[in-house]
Amino acid sequence: MMFLEIITIAKDDPVAFTFFTGYMAMFAASVFFFLERTRVDDKWKLSLLVSGLITGIAAVHYFYMRDYYSATGENPTALRYIDWTLTVPLMCVEFYLLLKPAGAKISFMWKLIVASVWMLVCGYIGEAFTDGSMGHSVLWGTLSTLGYIYILYSAWFGEAKQLAEKSNSVAVQKGIRALAWFVFAGWAIYPIGYMAMPGGWLGPDGAALLSVRDMDLIYNIGDAINKIGFGLVVYSIAMSETSKNKGSVATA
Ligand SMILES: *C/C=C(C)/C=C/C=C(C)/C=C/C1=C(C)CCCC1(C)C
């Protein structure tokens with residue numbers, strides 16, 4: 001027992017399954033993004049590196065989270081938020097890298113990063129320091145949502161959207177639109193999970209609507225969609241722009 005503790009997955013525990021599958025999927029996605037980097041034009045290489053870093057950072061955290069969950073059956077809140085505080089700002093960097101050719105300034109990137117860190121720090125306080133009361137959960141959830149709304153607004157109507165309109169690349173325009181959908185529909189999974197927690201808004205009289213296990217299931221599925229999917233959008237923009245340029249060289 002001292003040295004070799006075998007991690008077991010109960011056959012009726014889908015959460016444990018998704019922790020393991022999530023780990024492997026994130027890991028495989030990183031290998032894919034890193035290797036595919038060599039096939040895109042130079043100006044896209046940094047974007048693909050960042051995609052690989054996002055899934056790579058997540059893979060390491062899933063490695064620890066699945067053990068934590070297997071050993072305790074509890075929600076790995078701290079690990080989850082450390083992961084997000086690294087990966088969500090990197091997603092903001094992706095927006096910046098894609099929109100840089102259209103004139104995005106470094107301040108654009110920092111505003112998104114600050115909003116994302118605000119969102120996550122408030123969310124962490126709301127989740128980790130819960131006293132089970134609805135007041136605490138709703139207060140910090142609302143503060144967190146301000147950061148979320150800032151990013152959402154930027155992607156759909158604000159700076160990101162306006163920069164995308166200035167871009168002369170159809171692939172970038174479509175890509176930003178796809179990423180905006182991720183921020184809207186994909187990221188919304190998380191506040192819904194948050195509101196279903198003990199003390200959350202959706203619970204009857206502050207009781208939990210969902211168990212910790214269900215919540216982790218929701219977060220795990222959300223992460224796979226958002227991190228791998230987001231990276232694949234960036235990848236497809238880079239690939240279509242690369243082949244377009246190759247085409248124009250060939251016909252020139
Ligand atoms: C890869 C991880 C991602 C994309 C995580 C995104 C997380 C959020 C969009 C979390 C948002 C939250 C709110 C908007 C309010 C309640 C607290 C949070 C942190 C769950």
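Modeller: Before we look at the ligand, take one convention: Ala, Val, Leu, Ile, Met, Phe, Trp, Tyr, Cys and Pro count as nonpolar, Asp, Glu, Lys and Arg as charged, and the others, Gly among them, as polar. This is a predicted model, in which local features need pLDDT of at least 70 and side-chain atom pairs count only at pLDDT 80 or more, while totals for chains, interfaces and linings use all residues. Residues are numbered from 1 along each chain as its sequence is written, and side-chain values use heavy atoms, with hydrogens and water left out.

Colleague: Which residues come nearest to the ligand?

Modeller: A residue is near a molecule if one of its heavy atoms lies within 4 Å of it. Here 17 residues surround the ligand, and Trp84, Met119, Ser144, Tyr190 and Lys227 come nearest. The ligand taken alone exposes 530 Å², of which the protein buries 100% (Shrake-Rupley areas, with a 1.4 Å probe).

Colleague: Which elements give two or more residues to that shell, and how do its residues divide?

Modeller: Helices are DSSP runs of H or I with at least four residues, numbered from the N terminus. Those giving two or more residues are α3 (77–99), α4 (106–128), α5 (134–156), α8 (189–195) and α9 (212–251), and α3 gives the most, with five residues. The shell divides into 10 nonpolar, five polar and two charged residues.

Colleague: Where does the ligand sit?

Modeller: Rolling a probe the size of a water molecule over the atoms shows where empty space is left. A pocket is an open set of points on a 1 Å grid over the protein atoms alone, where a 1.4 Å probe fits, with protein on both sides within 12 Å along at least five of seven lines; lining residues have an atom within 4 Å of a point. The ligand sits in the largest pocket, as more than half of its atoms lie within 2 Å of the grid points.

Colleague: How much space lies in the largest pocket, and what lines it?

Modeller: About 470 Å³ lies there, a volume filled by probe spheres set on the points. Its lining has 26 residues, with Met119, Ser144, Tyr190, Pro191 and Tyr194 nearest the centre. The largest share, seven residues, comes from α5, and the lining divides into 15 nonpolar, eight polar and three charged residues.
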